[in-house]
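Here is a short note to read with the model open beside it. Please check each point against the structure as you go.

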Amino acid sequence: MLRVPRWIAIPVLILAIAGAAWWHPARWTLLLSVPLLGIALYDAVQSHHSLRRNYPLIARVRWLFEALRPFLYAYIVESPLDGRPFARTERDLVYARAKGDLDSHPFGTELDVYSDEYEWMSHSMAPAIAPDRTRRVAVGSSQCSQPYDAALLNISAMSFGSLGANAIEALNRGAQLGGFYHDTGEGGFSPYHRKHGGDIVWELGSGYFGCRDQAGHFDPERFRDAAQTDQIRMIEIKLSQGAKPGHGGVLPGPKVSAEIAATRGVPEGMDCISPVAHSAFSTPVELVLWAAKLRELAGGKPVGIKLCVGQPHEIYAVMKAMIETGVRLDYIVVDGAEGGTGAAPVEFSNRVGMPLREGLIFVRNALVGCGLKEEIRLAASGKVHSGAGLAVNAALGADWSNAARAFMFSLGCVQSLQCHTDRCPTGVATQDPGRQRGLVVEEKAERVRRFQAATVNALWDITCAMGLETPWQIMPHHLHERLNSARSDSIDRIYKFYERGVLLDDPDSVAGARYWAMASADSFRAAL
């Protein structure tokens, strides 16, 4: 093994300087060697970094390669099926559809069809010929006077502040061109959401940004004034998100610009806090009654909740609250633990929250088991990027799906994983005007529209191949999954799917009976 003398850089540089001083043609190298000697001497005496103290100057090469490593891996080492969170093939599919390029694949699948991760949809020998591909999802319970017809794929919650102004504009313009909705995220309904008139779902988090009083509590009058804007089509109460469920947040004061302060209704230059929990309610009953109040203040528009499933009995508690009060939510969005965010604690991203598949099935079972699924729509959010992903979600009970990072790819995101640094190279997740300059709104808006249209069209192609007239006819038995290299089964033989009303008629017969017994409409705490 090669042994490098620890202080080799210092004598080498001294010799180089002496040689350059003696040999006139090399004197220009002093411009490089003298500063390097200064850096080496500083490294030798500083006390913060052991490697630099033991290996002056040379140790800095390690930091150089560490900085370059993600890029070298992505562009040189990474195979088409590698890459996290999204593989190269997944990103390429979004890029191709957004650009309107050829999105077909040659020579057969590259996936290992005998691996434990493989799943497939069951096609039919009698495909459907010409279904109506313009059909949408009617969202709104019997208590909703202004129902909304949602597209099969929409833009999931991403706040102004997490994304730059140009990115928000391009997404909303794309939504307006394509006829699908754009979720504001909890950062509020900004001027950039308003500019192009695309349909808006206004998300209310625990900070109540855009409808809060000076103490940070919910302000009914400010909410009513904003929510009755024609562009806002639905209201979404954010209880948690998949990437960091149960975790609040702070936008540091220096990042709270005048624009962000005006959008969120907070003081400019001061820390902007999203509390861990809502102050408008503290029990399941209070939650559904508050949702009913929001619906009334919004002029009868649909009101729903978004959450990542955590403790199962809490879902049942919300169901019991709706049954006891007679109040109905209009929809529920289930966010999976695999969902994305601009920044989150690693422990939360990796180990907190239920993945989308289990969470979606659980909420579907809760609604069906309580006889509520006919009135309350169910949506899925979490790493959706293709028509196949939409079909899988439909099989598990979703009426429609939302995507965030896939739409970021359609804007040009290259998955550089710099969202939390404000140094996004493509101008998507940054407030830096110089970086945002690279994102041209009109050009990127058309990419957003094309990606959504092509992906929904791919879902309809799969639906036709299955011999079905609509995606809502896709059932759990149509989806198959490998258990190992020798065994596979349909998803309804792997997971339990409840019959209608079973939680009301015979709760002890279901797998989640203990969670049902723990649930109370009067508290989110388990009744042990």
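**Notes on the predicted model**

1. Aspartate 422 sits in the loop that runs between helix H15 (405-411) and helix H16 (433-436). The model is a predicted one, and this residue is a fair place to start reading its backbone. Aspartate 422 has a phi near 65 degrees, which is a positive value in a residue other than glycine. Is aspartate 422 buried or exposed? Neither label fits: its relative accessible area is 29%, and partly exposed is the term for values between 20% and 50%.

2. Leucine 57 makes a useful comparison. Leucine 57 also has a positive phi, of about 70 degrees, although it is not a glycine. Its place is the loop between helix H3 (50-54) and H4. Leucine 57 counts as buried because its relative accessibility is 17%, and the cut-off for buried is under 20%.

3. One more backbone detail concerns a proline. The peptide bond leading from arginine 84 to proline 85 is cis, and its omega is near 5 degrees. Proline 85 belongs to the loop between helix H4 (60-77) and helix H5 (88-99).

4. Now the chain as a whole. The protein chain contains 19 helices and 15 strands. Its C-alpha atoms fill a box of roughly 95 × 60 × 50 Å along the principal axes. Of the contacts with a separation of 6 or more, 69% are between residues 24 or more positions apart.

5. Surface and charge can be taken together. The accessible surface of the protein chain is about 25300 Å², and carbon and sulfur atoms hold 55% of that surface. The chain has 54 positive and 56 negative charges, and the mean positions of the two sets are 7 Å apart.

6. Which residues touch the most other members of the largest nonpolar core? They are Phe223, Ile235 and Ile332, in a core of 128 residues. Apart from that core lies another, of 8 residues, with Leu13, Ile17, Leu37 and Ala40 among them. In the chain overall, buried residues make up 49% of the 528 residues.

7. Isoleucine 332 deserves a look at its surroundings. Setting aside neighbours within four places in sequence, isoleucine 332 is in contact with nine residues listed here in full: Ile305, Leu307, Met319, Val363, Leu367, Ile376, Arg377, Leu378 and Ala379.

8. Two strands can be followed through one residue each. Alanine 380 lies in strand E12 (residues 377-381), and asparagine 402 is found in strand E13 (residues 400-403). The two residues are 22 residues apart in sequence and 6.2 Å apart in space, C-alpha to C-alpha. Alanine 380 is buried, since its relative accessible area is 0%. Asparagine 402 also counts as buried, at 1% relative accessibility.

9. The contacts of these two residues complete the picture. Beyond residues within four places in sequence, alanine 380 is in contact with several residues, including Val334, Leu356, Leu360, Trp400 and Asn402. Asparagine 402, not counting residues up to four places away, touches Leu153, Asn154, Tyr181 and Ala380, among others. What joins the side chains of asparagine 402 and tryptophan 400? A polar contact of 3.2 Å does.

Key. Residues numbered from 1 in each chain as written. Predicted model: local features only at pLDDT ≥ 70, side-chain atom pairs only at ≥ 80, totals over all residues. Heavy atoms only, no water. Helix = DSSP H or I, 4+ residues; strand = E, 2+ residues; numbered from the N terminus. Buried < 20%, exposed > 50% of the residue type's maximum accessible area, 1.4 Å probe, protein only. Contact = heavy atoms within 4.5 Å. Areas by Shrake-Rupley, 256 points an atom, 1.4 Å probe, with all protein chains shown as cover. Lys, Arg positive; Asp, Glu negative; His and termini not counted. Charge placed at Lys NZ, Arg CZ, Asp CG, Glu CD. Core = buried A, V, L, I, M, F, W, Y, C linked by side-chain atoms within 4.5 Å. Polar contact = N/O pair within 3.5 Å; in protein donor to acceptor, adjacent residues only side chain to side chain.
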